[in-house]
Amino acid sequence: METNYTGIKTLETSTDSGPKHLGNLRLDNTYSRLPEIFFQEIAPKPVSDPKLIKLNRSLAKELGMDPSTVEARDLDILAGNAAPQESKQIAMVYAGHQFGNWVPRLGDGRAVLIGEVIDESGARRDIQLKGSGPTLFSRMGDGRASVGPVIREYLVSEGMAALRIPTTRSLAMVTTGELIARERMEPGAILTRVASSHIRVGTFQYFYGQKDDAAIRLLADYAINRHYPNAGENSNPYVELLRSVVERTAELISSWMLVGFIHGVMNTDNSSIAGETIDYGPCAFMDDFDPSKVFSSIDTVGRYAYNQQPAIGLWNLSRFAETLLCTIDPDKEKATAKARKVLETYWQRFEKHFHTGLCQKIGLEHNEANLSLAFQLLDFMSETKADFTNTFRNLPKLITTPEAFNAETDNKLGLSDKFSDWSAKWEAKITEEAKPLDETLGDMNKINPLFIPRNHQIQRVIDFAIEAEDYEPLEQMLSAVTNPFGENPRLKHLSEPPKPEEEIKQTFCGT
Ligand code: AMP
Ligand code: MG
């Protein structure tokens, strides 16, 4: 191995045609072929003593790697101690509205995109190291991540993927052997994140802020090429790009709402053009249902509360639309009218997904009467502070074993007369559905998860990891949240909401 000018070891070119490890995988990087104003070329800063906590073997396989062994050079790459082959490593520039306030330049302050791979399905995926050291965009930060937030992102993103919600993925976690200063000294770690791309609304906003129309056009063309090739064939590809992102975002946010997920920091820099959930900071799944629930310690006005998310989605899309105006039509008024027309479809798109999904959660087809029944249930749940996940999951038991429904939902709903009326109406409806009842109830269990990454359990996993370097609770929790719909008596405790003393009321950005 030779050392290049960055001090990073360069791996000798492998000529073997055997199984591909990270070490001999040839990474491409199309984004780095954009002009230099789009990024800083930079290598991760090496760390002293990397140790692998976890490799996501099924994702590795999906990316065309052989996951059976992790060689030393694979670990070196995951830690940022070695460069992958043939790829320019970069930190991407972006801007953003953080809690509504404009920040003209943010960028990857603690992440490096090490390259792109074409996965088994032919899709191009970014591989990024998060926590890989300072970049031009680090501002006052140290460029590092601590092990707690890394474990949190791994658990929640993999849980989301198993819930079939578009998301960035987690390929690996390594500890760095270095302590980093947060509220206390904490072990440093690096997450290997995989994404359809890391292009954000904020990426477009950076060039909008710079008044660089040519760069916006380049970026829009790149995004169309990579994510929405059909838009390229449209008479106005940029209106079509906007329409596609509006649709993906509406669908994404409705899918969050249907599992009680609160992103917590929906700034425009954390809003993906590919429509994936990205940047797991102070996010959380709700336990008891409260529509105005906020977890993030810094979200003091509830800007990103559970029930604000759909509206914030539109706000972010409006910022995106603004940046695209110059590409849509040279006449600003015409461009604005065209963009507005697309934005106006947002609520209809959101409601279609949300309402259909809500009816499906109670086993019914989407119509006005069924939807109103679903909303009534949400009202009861919020009045009684019933557990969001367990209420939906156990609905079939209202018909098969009502006592079990009551036990599983802590008697929160089942004992009230109002709910008995609801339940009788629902039972009548569900038996009217075209499908046999067994099948309907079985289908509900394929939509309503048993296991979600609950906050108090994530915290427990992190405590074991930090205090005892014990990763067994992590493995257990991963087996639950990556199979969220299957019954698993051994892991039953992981489906339980927190006891009052376990409840976590606030989450932190944890940077
Ligand atoms: P986030 O809240 O994770 O979305 O980050 C917002 C911005 O702060 C992004 O530009 C990050 O790259 C940057 N940032 C967050 N934490 C750090 C850190 N520890 N060091 C450097 N930059 C950071
Ligand atoms: Mg971010």
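This report walks through the surroundings of ligand 1 and then two pairs of packed helices. Keep in mind that the structure is a predicted model.

**Around ligand 1**

Let's start with the ligand. Ligand 1 has 18 residues around it, and the ones that come nearest are Gly107, Gly109, Arg139, Asp142 and Gly143. Sorted by class, this shell holds eight charged residues, eight polar ones and two nonpolar ones.

Here are some polar contacts of the ligand:

| Protein partner | Atom of ligand 1 | Distance |
|---|---|---|
| glycine 107, polar backbone atom | oxygen | 2.6 Å |
| asparagine 270, polar side-chain atom | oxygen | 3.1 Å |
| arginine 110, N or O atom in the side chain | nitrogen | 3.2 Å |

So how much of ligand 1 does the protein cover? On its own, ligand 1 has 480 Å² of accessible area, and the protein covers 86% of that.

**H11 and H14**

Now for the helices. Helix H11 spans residues 388-400 and helix H14 spans residues 437-444; their axes sit 8 Å apart, at an angle of about 155°. Because of that angle, H11 counts as roughly antiparallel to H14. On the H11 side, the contact is made by Leu395, Pro396, Ile399 and Thr400, while H14 brings Leu437, Leu441 and Met444. Six residues of this contact are nonpolar and one is polar, with no charged residues.

**H15 and H16**

Further along the chain come helix H15 (residues 455-468) and helix H16 (residues 472-481), whose axes cross at roughly 150° and come within 8 Å. Are these two roughly parallel or roughly antiparallel? With angles over 145 degrees counting as roughly antiparallel, H15 and H16 are roughly antiparallel to each other. H15 puts Gln457, Ile458, Arg460, Val461 and Phe464 into the meeting, and H16 answers with Pro473, Leu474 and Met477. By class, the contact of H15 with H16 has six nonpolar residues, one polar and one charged.

Notes:
Residues numbered from 1 in each chain as written. Chains lettered and ligands numbered in written order. Predicted model: local features only at pLDDT ≥ 70, side-chain atom pairs only at ≥ 80, totals over all residues. Heavy atoms only, no water. Near = heavy atom within 4 Å. Polar contact = N/O pair within 3.5 Å; in protein donor to acceptor, adjacent residues only side chain to side chain. Areas by Shrake-Rupley, 256 points an atom, 1.4 Å probe, with all protein chains shown as cover. Nonpolar A, V, L, I, M, F, W, Y, C, P; charged D, E, K, R; others polar. Axes fitted to C-alpha atoms, helices over the stretch in contact; angles between N-to-C directions. Helix = DSSP H or I, 4+ residues; strand = E, 2+ residues; numbered from the N terminus. Parallel < 35°, antiparallel > 145°, perpendicular 65-115°, else oblique. Contact = heavy atoms within 4.5 Å.
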